[in-house]
Amino acid sequence: MNRLKLPSHLNRRQAIQLLGMSSIGYLLNSCSSEFTAKVGDLTEPLNQSFGELLVKPQLLIPEFAKSAIDPKALLLNSYDGTPEIVGGAFLKENRDKYRLTIDGEVKFPMELNLNALKQLPQTSIIMQHVCVEGWAAIVQWGGVRLRDLAKMVQPKDSARYVLFQSADKYTESWDLASALHPQTILADRMNGEILPDDNGAPLRLATPIKLGYKLSKWVTKVSFVSQIPKGGKGYWEEQGYEWFGGI
Ligand SMILES: Nc1nc2c(c(=O)[nH]1)N[C@H]1C(S)=C(S)[C@@H](COP(=O)(O)O)O[C@H]1N2
Ligand SMILES: [Mo]
């Protein structure tokens, strides 16, 4: 925590308060038994503000065993190949240049580099990735909870959706509840290794509660918004895929 690179408008104590508010529960939760007892659900996912969702327990999806991971089962699926994020994100010098922008209806918009993200609590999940094109793979993703990032930027009460922008121009839009789900992460690791370029380096979305097309790779911007702009439901959603994309 003390090496967290703080955005200028937050002092260290404020940031610790924001992060500490309820991350302790999730830190304790890495083997999840305590939390699965407090089963919640996703009713009225679009009607609740950040403040309400933050205190509301959400149903946790059971993880797969490590032995179930099949590194060869993960197919690559991108509509337009792997983009060049500052010239290929996998290279160390390019990773240093990468910035994640978090903006929109938030009290503290931020730009974070990968080092700052590394100072946040890290988590991992072994889950099934399901692509509607008819393949699935059990993968381990590692990174930070989107929820912890939200605690830093503090979405306003007006925020109801989250938009994701990617380096290949892919877009996604999510309901706030799914974005704040404790198992929704921005991953920079896959199967215990640094995330490969083709799978979305340096940062991609991962969650066991949504289908593959909701899981944006090469994420560069996260925007909390009160409404989804016209034409902004998402790359595939605008072509007819179902918007919620739940599993
Ligand atoms: N930016 C971006 N993210 C994306 C896609 C894409 O084309 N561009 N394809 C989606 C689809 S349909 C799937 S199934 C998964 C595939 O992830 P993978 O290539 O790591 O297997 O990425 C999703 N995220
Ligand atoms: Mo997919």
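Author: On a 1 Å grid over the protein atoms alone, a cavity is a set of points where a 1.4 Å probe fits but cannot get out, and its lining residues have an atom within 4 Å of a point. The model is predicted: local features need pLDDT of at least 70, side-chain atom pairs count only at pLDDT 80 or more, and totals for chains, interfaces and linings use all residues. Residues are numbered from 1 along each chain as its sequence is written, and side-chain values use heavy atoms, with hydrogens and water left out.

Reader: Which residues lie nearest the centre of the largest cavity?

Author: Rolling a probe the size of a water molecule over the atoms shows where empty space is left. Here 23 residues line the largest cavity, and Asn77, Tyr170, Gly212, Tyr213 and Lys217 lie nearest its centre.

Reader: How should an aromatic pair be read, and how many does a search of the whole structure find?

Author: A pair of aromatic rings is described by the distance of the centres and the angle of the planes. Rings of Phe, Tyr and Trp (its six-membered ring) pair if their centres lie within 6.5 Å; planes under 30 degrees apart count as stacked, over 60 as edge-to-face and the rest as tilted. The search finds nine aromatic pairs. Tyr161 and Trp243 form an edge-to-face pair, 5.9 Å centre to centre with 70° between the planes. Ring pairs also link Tyr79, Tyr170, Tyr213, Tyr235, Trp236 and Tyr241 into a cluster.

Reader: Are Tyr161 and Trp243 buried or exposed?

Author: Both Tyr161 and Trp243 are buried (under 20% relative accessible area, with exposed over 50% and partly exposed in between; 1.4 Å probe, protein chains only).

Notes. Chains are lettered from A and ligands numbered from 1 in the order in which they are written. On a 1 Å grid over the protein atoms alone, a cavity is a set of points where a 1.4 Å probe fits but cannot get out, and a pocket is an open set with protein on both sides within 12 Å along at least five of seven lines; lining residues have an atom within 4 Å of a point.
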